[in-house]
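Trainee: I would like to learn how to read features from a set of coordinates, with cysteines, sheets and pockets as the topics. Could we go through them in turn?

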Amino acid sequence: MQNHKISLNNLPLEGREYIVDSTSVWLTPLREFRMDCQIEEPLHARILVLPVENGWLVRGTLKGRVIVPCSRCAEDTVISIDTHFENFESLNEQSDDETQPSHDMDDGCVVMEGTTPLLDLAAICWQEFVLALPATPLCRRDCKGLCARCGANLNAGPCACKNDEGDPRMAPLRGLILHNN
């Protein structure tokens, strides 16, 4: 697997651009997190890393297409990923008290290797990919979903289940019409 950690030392003032399009950046976490997601069109990230005061500005785009199950009918749904992002990454200062655990590298995408700060481009790409996925992907806006009784896809037509008449104790009230005065 290709290493996607870049040294943040000696970046030019105008920054440096990186391309991340290795399939391992996406496939490894998809397997690890057991996500029901297939890559239809390769995911391609373009990232510009700029040194700024107290850190680095990470600006980029992520494009591609994936197939995920519809949240209502479970049919394959193609999702186009086309997102722009901008993040600030920094090194958190270590605590003066060496007995306390340091949280300096646990939350961000900057890691230290010896005295060299490294930016994990694969971690940034994965974060942006997950944020770009819809919380409830739909195959279409008016997806009817599955029948709660038989599991038939209602987008293909009505199922053979009988309509529920509702609670039989409410039958006397079904014909009731209320008039507003």
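**Reading the features in turn**

Mentor: Let us begin with the cysteines: with a disulfide taken as a pair of cysteine sulfur atoms within 2.5 Å, the count here comes to zero disulfides. Please keep in mind that this is a predicted model.

Trainee: Why is Cys 109 not in a bond with the closest cysteine sulfur?

Mentor: The reason is distance, because the closest cysteine sulfur to that of Cys 109 belongs to Cys 125 and lies 9.4 Å away, which is too far for a bond. Seen from the other side, Cys 125 is in no disulfide either, and its nearest cysteine sulfur is that of Cys 109.

Trainee: And are Cys 109 and Cys 125 buried or exposed?

Mentor: A residue is called buried when its relative accessible area is under 20%. Cys 109, with a relative accessible area of 2%, is therefore buried, and Cys 125 counts as buried because its relative accessibility is 1%. For the protein as a whole, buried residues make up 32% of the 181 residues.

Trainee: How many helices and strands does the protein have, and in what order do they run?

Mentor: The secondary structure comes to two helices and seven strands, and, read from the N terminus on, the elements follow the order β-β-α-β-β-β-β-β-α.

Trainee: Which strands form the open sheet, and which of them are at its edges?

Mentor: In a sheet one reads the order of the strands and then the sense of their pairing; here three strands form an open sheet in the order E1-E7-E6, with antiparallel pairing. Strand E1 (5-7) and strand E6 (110-113) are the edge strands, each of them pairing on one side only. Neighbouring strands of this sheet are turned against each other by 40° on average, with direction ignored. Looking at one pair in detail, E1 and strand E7 (residues 116-120) are joined in the antiparallel sense over three bridges, and Ile 6 stands opposite Leu 119 in E7.

Trainee: What does one look for in a pocket, and what lines the second largest pocket?

Mentor: Rolling a probe the size of a water molecule over the atoms shows where empty space is left. The second largest pocket has a volume of about 170 Å³, and its lining consists of Met 35, Asp 36, Cys 37, Val 68, Pro 69, Val 130, Leu 133, Pro 134 and Pro 137.

Trainee: How do the residues of that lining divide into nonpolar, polar and charged?

Mentor: The lining of the second largest pocket holds eight nonpolar residues, no polar ones and one charged residue.

Terms used
Residues are numbered from 1 along each chain as its sequence is written. This is a predicted model: local features need pLDDT of at least 70, side-chain atom pairs count only at pLDDT 80 or more; totals for chains, interfaces and linings use all residues. Side-chain values use heavy atoms; hydrogens and water are left out. Buried means under 20% relative accessible area, exposed over 50%, partly exposed in between (1.4 Å probe, protein chains only). On a 1 Å grid over the protein atoms alone, a cavity is a set of points where a 1.4 Å probe fits but cannot get out, and a pocket is an open set with protein on both sides within 12 Å along at least five of seven lines; lining residues have an atom within 4 Å of a point. Grid points are joined across faces, edges and corners, and a volume is the space filled by probe spheres set on the points. Ala, Val, Leu, Ile, Met, Phe, Trp, Tyr, Cys and Pro count as nonpolar, Asp, Glu, Lys and Arg as charged, and the others, Gly among them, as polar. Two strands pair if DSSP finds at least two bridges between them. Helices (H or I, at least four residues) and strands (E, at least two) are DSSP runs, numbered from the N terminus. Axes are lines fitted to C-alpha atoms, for helices over the stretch in contact, and angles run from 0 to 180 degrees between N-to-C directions.
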